[in-house]
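Colleague: I would like to go through the labels on this model one at a time. Tell me what stands behind each of them.

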Amino acid sequence: MTDRLETFSVEHSQPQLRFDTYLKDRYPAVSRGVIQRLLEQGHITVDGKSVKPNHRPQAGQVVSVFFPEPTTAEAKPEDIPLSVLHEDADLLVVNKPPGIVVHPSLGHDEHTLVNALLHHCRGQLSGIGGVARPGIVHRLDKETSGCLLVAKNDETHNALAKQFAERSMSKLYQVLVCGVMKNDTGDIQADLARHPTHRKRMAVSPGDGRPSWTAFRVLERLRGATHVEATLHTGRTHQIRVHFQHVGYPVVGDSTYSVRPNKRLEDDTGTRFPRQMLHAWRITFAHPGTGESVTCTAPVPDDFQRALAKLRGPAS
């Protein structure tokens, strides 16, 4: 099965019916969970805009449903080394290296973090994420390094997901951004939604997107760049990358959202950056089993340290 896009018009207004229920009736073979995930990811739009599951269908609205090619094969355990920051009977926190994909997907059927976790945990992972994402409570981009939370059972998974949703979990990132920031601290609050034409990208969409909030603190001003600590108050897809690009300081090494600023930085400094310089540095959460606060810190990786050193150097 390949990707497919279906478009249709709503024939009758149904003010008492939730949109996810309406779609479930139209696609009985698709679970409500899958429909809600497609809505959240922006794969289902109404008149070209993302909507929430509780949207009410109205006559004449044009609905587009994009079904990405599914990954049907169950992930297999692989003996891939893991850097474990914390582990107990209910969960673990791993230090994800840059360059590894979190879970199997189209084009990444093996050698993912999930393959490593299946070997390490030997079947003790939450099943909420399905066969492709067992235990995965949240995700990091392939090029992003740092702290990643993994649940070993469904009760823990639900409790951690609730902390994410209620924003009671502290998530600190270290970031290198293009340009020398003027303000020592600040907040970036800009609604985010799926990009209207580039479906793998996100975009600032005032009023139509989901409320998103990133706070930042300057750690060090560098040669044509700034070392920043970012706090995620919400956890939207690509949030840090899009927010800093939106305010004119795109993430160093980000080839998706900031090609030209990065080309200028590379030309000015004579430095090439192997990836987006984004590191999930520290996470703090309440342990679902004990209620105690748990803080894990992932050491800044070598490539990030090398980039810092080169940007501290004298102008060439």
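Modeller: What follows takes each label, sets a value against its cut-off, and concludes.

Colleague: What kind of model is this?

Modeller: The model is predicted. Every value below is computed from it.

Colleague: Why is Asp47 called partly exposed?

Modeller: Its relative accessible area is 47%. Buried needs under 20%, and exposed needs over 50%. Asp47 falls in between, so the label is partly exposed.

Colleague: And what makes His111 exposed?

Modeller: The relative accessible area of His111 is 51%. The cut-off for exposed is over 50%. His111 passes, so it is called exposed.

Colleague: Where do Asp47 and His111 sit?

Modeller: Asp47 is in the loop between strand 2 and strand 3. His111 is in the loop between strand 6 (91-96) and helix 3 (113-121).

Colleague: What is notable about the phi of Asp47?

Modeller: Most residues other than glycine have a negative phi. Asp47 is not a glycine, yet its phi is positive, about 55°. His111 also has a positive phi, near 60°, and is a residue other than glycine.

Colleague: Which residues just after helices have a positive phi?

Modeller: Arg122, just after helix 3, has a positive phi of about 50°. Gly42 follows helix 2, and its phi is positive, near 80°.

Colleague: How do you know that helix 3 is mostly covered?

Modeller: Seven of its nine residues are buried. They are Leu113, Val114, Asn115, Ala116, Leu117, Leu118 and Cys121. These buried residues pack against strand 6 and strand 7 (145-151).

Colleague: What makes Thr112 a cap of helix 3?

Modeller: A side-chain oxygen of Thr112 lies 3.3 Å from the backbone nitrogen of Val114. A polar contact needs N or O atoms within 3.5 Å. The pair meets that cut-off, so Thr112 caps the N-terminal end of helix 3.

Colleague: How do you know that the buried residues of helix 7 line one face?

Modeller: In helix 7 (residues 302-312), the buried residues are Asp303, Phe304, Ala307, Leu308 and Leu311. Seen down the axis, they fall within an arc of 145°, so they line one face of the helix. The face turned away from that side carries the exposed residues Asp302 and Arg306.

Colleague: What do the buried residues of helix 7 pack against?

Modeller: Their partners are strand 8 (170-178), strand 12 (213-221), strand 13 (225-232), helix 6 (259-269) and strand 14.

Colleague: What puts the buried residues of helix 2 on the same side?

Modeller: Helix 2 (residues 32-40) has Ile35, Leu38 and Leu39 as its buried residues. They cover an arc of only 100° around the axis, which puts them on the same side of helix 2. An α-helix has 3.6 residues a turn, so residues three or four places apart point the same way. What covers the buried residues of helix 2 includes helix 1 (19-26), strand 2 and strand 4.

Colleague: Why are strand 2 and strand 4 called a pair?

Modeller: Pairing takes at least two bridges. Three bridges join strand 2 (residues 44-46) to strand 4 (residues 62-67), so the two count as paired. They run antiparallel. One partnership is Val46 with Val63 in strand 4.

Colleague: And what makes strand 1 and strand 3 edge strands?

Modeller: Four strands form an open, antiparallel sheet in the order 1-4-2-3. Strand 1 (4-9) and strand 3 (49-50) each pair on one side only, and they are the edge strands.

Colleague: Why is the approach of Thr284 to Thr295 called a polar contact?

Modeller: Their side chains come to 2.9 Å. The limit is 3.5 Å, so the pair qualifies. Thr284 is in strand 14 (residues 278-286). It also touches Met169, Ser170, Ser293 and Val294, among others.

Colleague: How many cavities are there?

Modeller: The search finds two of 30 Å³ or more. The largest has a volume of about 50 Å³. Its lining includes His138, Cys147, Lys171 and Trp281. Strand 14 gives the most to that lining, with four residues.

Colleague: What lines the second largest pocket?

Modeller: It has 18 lining residues, and Gly48, Lys49, Ser50, Arg194 and Pro196 lie nearest its centre. The space in this pocket is about 300 Å³. Strand 3, strand 4, strand 10 (192-194) and strand 11 (202-204) each give two or more residues to the lining.

Key. Residues numbered from 1 in each chain as written. Predicted model: local features only at pLDDT ≥ 70, side-chain atom pairs only at ≥ 80, totals over all residues. Heavy atoms only, no water. Polar contact = N/O pair within 3.5 Å; in protein donor to acceptor, adjacent residues only side chain to side chain. Contact = heavy atoms within 4.5 Å. Buried < 20%, exposed > 50% of the residue type's maximum accessible area, 1.4 Å probe, protein only. Arc of directions from axis to C-beta. 1 Å grid on protein atoms, 1.4 Å probe; cavity = no way out; pocket = protein on both sides within 12 Å on 5 of 7 lines; lining within 4 Å. Points joined across faces, edges and corners; volume = space filled by probe spheres on them.
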